[in-house]
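This report describes selected structural features of one protein model. The sequence and the coordinates are shown first, and the description follows.

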Amino acid sequence: MNRKKEITAVIVGAGKMGTNYIVCLRNLKIRIIGIVDISNQNIKYLIYKFKLNNKIFFRNIKKILDNKNPDLLIISTTADKHYYYAEIGIKYKIKNILIEKPVCCSLNECEKLLRLQKKYK
């Protein structure tokens, strides 16, 4: 019997786009192992709307990445936080990182991410 490995994901940012990603990941049968957000209102809404277990919600991305190794990290925060979360994802050696546009707020930040990716490859 040939079993496929289950694909797992962490979403950072539980606003409108984060909500859209939950729907997409569920449709693709990708298991959401964590959602990072600082808004209690967003968290309560997602728990209610999608019947999610409150144990998958975190305020700090490092708390989940210290214990889990997702296949995919989705960054759907405001643009000013993209670099911060992408840097953490790269340092934790997450192979697939999806960043909402714009990737970063400056060309300098984009170049730093490219250098980090090569260093932590």
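How much space lies in the largest pocket? The model is a predicted one, and in it the largest pocket holds about 290 Å³ of space.

**The largest pocket**

The lining of this pocket comprises 15 residues, and those nearest its centre are Ile90, Ile94, Lys95, Ile97 and Gln117. At least two lining residues come from each of helix H4 (82-91), strand S5 and helix H5 (107-119). The greatest contribution is that of H5, which supplies four residues.

**Helix H4**

Helix H4 is largely enclosed by the rest of the structure, because eight of its ten residues are buried. These buried residues are His82, Tyr83, Tyr85, Ala86, Glu87, Ile88, Gly89 and Ile90. Their cover includes S1, helix H3 (61-65), S4, S5 and H5. After H4 comes Lys93, which has a positive phi near 60°.

Ala86, a residue of helix H4, is buried with a relative accessible area of 2%. With neighbours within four places in sequence left aside, the contacts of Ala86 are Ile75, Ile97, Ile99 and Leu113. Ile97 is also one of the residues nearest the centre of the largest pocket. Between Ala86 and Lys29 there are 24 Å from C-alpha to C-alpha, at a separation of 57 residues in sequence.

**Helix H1**

Helix H1 covers residues 16-27, twelve in number, and extends 17 Å from its first C-alpha to its last, which is close to the expected 16 Å. Which residues of H1 are buried? They are Gly18, Thr19, Tyr21, Ile22 and Leu25. Viewed down the helix axis, these buried residues fall within an arc of 155°, so they line one face of H1. On the face turned away from the buried side, H1 carries the exposed residues Lys16 and Asn27. The packing partners of the buried residues of H1 are strand S1 (8-12), strand S2 (31-36), helix H2 (40-50), strand S4 (72-75) and strand S5 (96-99). Just after H1, Lys29 adopts a positive phi of about 65°.

**Phe57 in strand S3**

Phe57 belongs to strand S3, which consists of residues 57-58. Phe57 counts as buried, at 11% relative accessibility. Apart from neighbours within four places in sequence, Phe57 is in contact with Ile35, Ile43, Leu46, Ile47 and Leu52. One of these contacts, Leu46, is eleven residues from Phe57 in sequence, and the C-alpha atoms of the two are 9.8 Å apart.

**Cysteines**

How many disulfides does a search of the whole structure find? The search finds zero. For Cys104, the closest cysteine sulfur is that of Cys110, at 4.1 Å, and this is too far for a bond because a disulfide requires the sulfur atoms to lie within 2.5 Å. Cys104 is buried, whereas Cys24 is partly exposed.

**Relative accessibility of selected residues**

The values for four of the residues discussed above are collected here.

| Residue | Relative accessibility | Class |
|---|---|---|
| Ala86 | 2% | buried |
| Cys104 | 7% | buried |
| Phe57 | 11% | buried |
| Cys24 | 40% | partly exposed |

The class of Cys24 follows from its 40% relative accessibility, because partly exposed residues lie between the 20% limit for buried and the 50% limit for exposed.

Notes. Residues are numbered from 1 along each chain as its sequence is written. This is a predicted model: local features need pLDDT of at least 70, side-chain atom pairs count only at pLDDT 80 or more; totals for chains, interfaces and linings use all residues. Side-chain values use heavy atoms; hydrogens and water are left out. The expected span of a helix is 1.5 Å times one less than its number of residues. Buried means under 20% relative accessible area, exposed over 50%, partly exposed in between (1.4 Å probe, protein chains only). The arc is that of the directions from the helix axis to the C-beta atoms. Contact means heavy atoms within 4.5 Å. On a 1 Å grid over the protein atoms alone, a cavity is a set of points where a 1.4 Å probe fits but cannot get out, and a pocket is an open set with protein on both sides within 12 Å along at least five of seven lines; lining residues have an atom within 4 Å of a point. Grid points are joined across faces, edges and corners, and a volume is the space filled by probe spheres set on the points.
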